[in-house]
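Take a moment with the sequence and the model. The text below walks through them step by step.

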Amino acid sequence: MTGTHDTHAQAPLTADYTRAGFFGELDLPRRPALLVIDLVNAYLDPESPLYAGVEDIVDRVAELAEATRSAGLPVVFTYVGYRSDGRDGGLFYRKVPALELFAEGADPHYGSPPEPLRPRPEDITLTKQYPSAFFGTTLASTLQALGVDGAMVTGTSTSGCVRATALDALCHGLSPVVVTDAVGDRDPGPHQANLFDLGAKYAELLTTRQSITWLKDLR
């Protein structure tokens, strides 16, 4: 499933939402962090029950990570992890039984990133139990201490953890930018619908190429 956003097909809906007062514009942050949300083998390996067919976004995210480091900005990788009994996952773990793939004792291959997305020593990694990378983690205080004023959100899935993280970035006063062709979902319907809703209400939408040009301007 590609991460592209079909704005032409949604033009009438965009016009309707704009008339209703949505699609205001946020200033792009001057010091953004790149957030790579849960982009691990569970979503990339056809043998995985969570396989989402999003292999095409891996190289784009890796390119964004390089551009972010070159601009002297932080890169954050998030992963999902649970106790063997899943009790630290609460209701989310009960609602989505497939999350047992990330519990202690499960095959570690599925919770690991592909080679192009292995964190560097200077990168930040964190483990989360819920959709948002901000909920129950130190992410907000870490980014604040680093002087970050916004978040480029990439990874999986558009309708789940990407959306939740972008929304929480906004709620924490961090201007969110969702990179439309560097996020993916298991089906094009939820992917496109959530990109539309994010752009209307919560985040700015840029492509990988637009994001890299912007990062170069921030150096």
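What follows starts with one strand and its neighbours, then turns to unusual backbone angles and a pocket.

Keep in mind that this is a predicted model. Start at strand β2, residues 75–80. Is it buried or exposed? Six of its six residues are buried, so the rest of the structure largely encloses this strand. Buried here means under 20% relative accessible area. Both faces of β2 are covered. On one side sit Val-75, Phe-77 and Tyr-79, all buried. On the other side, Val-76, Thr-78 and Val-80 are buried too.

Now look at the strands paired with β2. Strand β1 covers residues 32–37. It runs parallel to β2, and four bridges join the two. One contact to find is Val-36, whose bridge partner in β2 is Phe-77. Strand β3, residues 124–128, also runs parallel to β2. Five bridges join β2 to β3. Here Tyr-79 has Thr-127 as its bridge partner in β3. Phe-77 and Tyr-79 both belong to the buried residues on one side of β2.

Next, add a helix. Helix α2 spans residues 58–70. Together, β1, α2 and β2 make a β-α-β unit, and the unit is right-handed.

Some backbone angles deserve a look. Most residues other than glycine have a negative phi, and most peptide bonds are trans. Phe-23 has a phi near 65 degrees, a positive value in a residue other than glycine. This residue is found in the loop between α1 (11–19) and β1. At 26% relative accessibility, Phe-23 counts as partly exposed, because that class lies between 20% and 50%.

Asp-38 is not a glycine either, yet its phi is positive, about 55 degrees. Its place is the loop between β1 and α2. How accessible is Asp-38? Its relative accessible area is 2%, so it counts as buried.

A cis peptide bond leads from Thr-156 to Ser-157, with omega near -15 degrees. Ser-157 is found in the loop between β4 (150–156) and α5 (158–171).

Ser-157 also leads to the last stop, the largest pocket. About 300 Å³ of space lies in this pocket. It is lined by 17 residues, and the closest to its centre are Tyr-43, Leu-50, Val-96, Leu-99 and Ser-157. Which element gives the largest share of the lining? That is α5, with three residues. By class, the lining has ten nonpolar, four polar and three charged residues.

Key:
Residues are numbered from 1 along each chain as its sequence is written. This is a predicted model: local features need pLDDT of at least 70, side-chain atom pairs count only at pLDDT 80 or more; totals for chains, interfaces and linings use all residues. Side-chain values use heavy atoms; hydrogens and water are left out. Buried means under 20% relative accessible area, exposed over 50%, partly exposed in between (1.4 Å probe, protein chains only). Two strands pair if DSSP finds at least two bridges between them. A crossover is right-handed if, with the strands pointing away from the viewer, the path from the first strand over the helix to the second runs clockwise. On a 1 Å grid over the protein atoms alone, a cavity is a set of points where a 1.4 Å probe fits but cannot get out, and a pocket is an open set with protein on both sides within 12 Å along at least five of seven lines; lining residues have an atom within 4 Å of a point. Grid points are joined across faces, edges and corners, and a volume is the space filled by probe spheres set on the points. Ala, Val, Leu, Ile, Met, Phe, Trp, Tyr, Cys and Pro count as nonpolar, Asp, Glu, Lys and Arg as charged, and the others, Gly among them, as polar.
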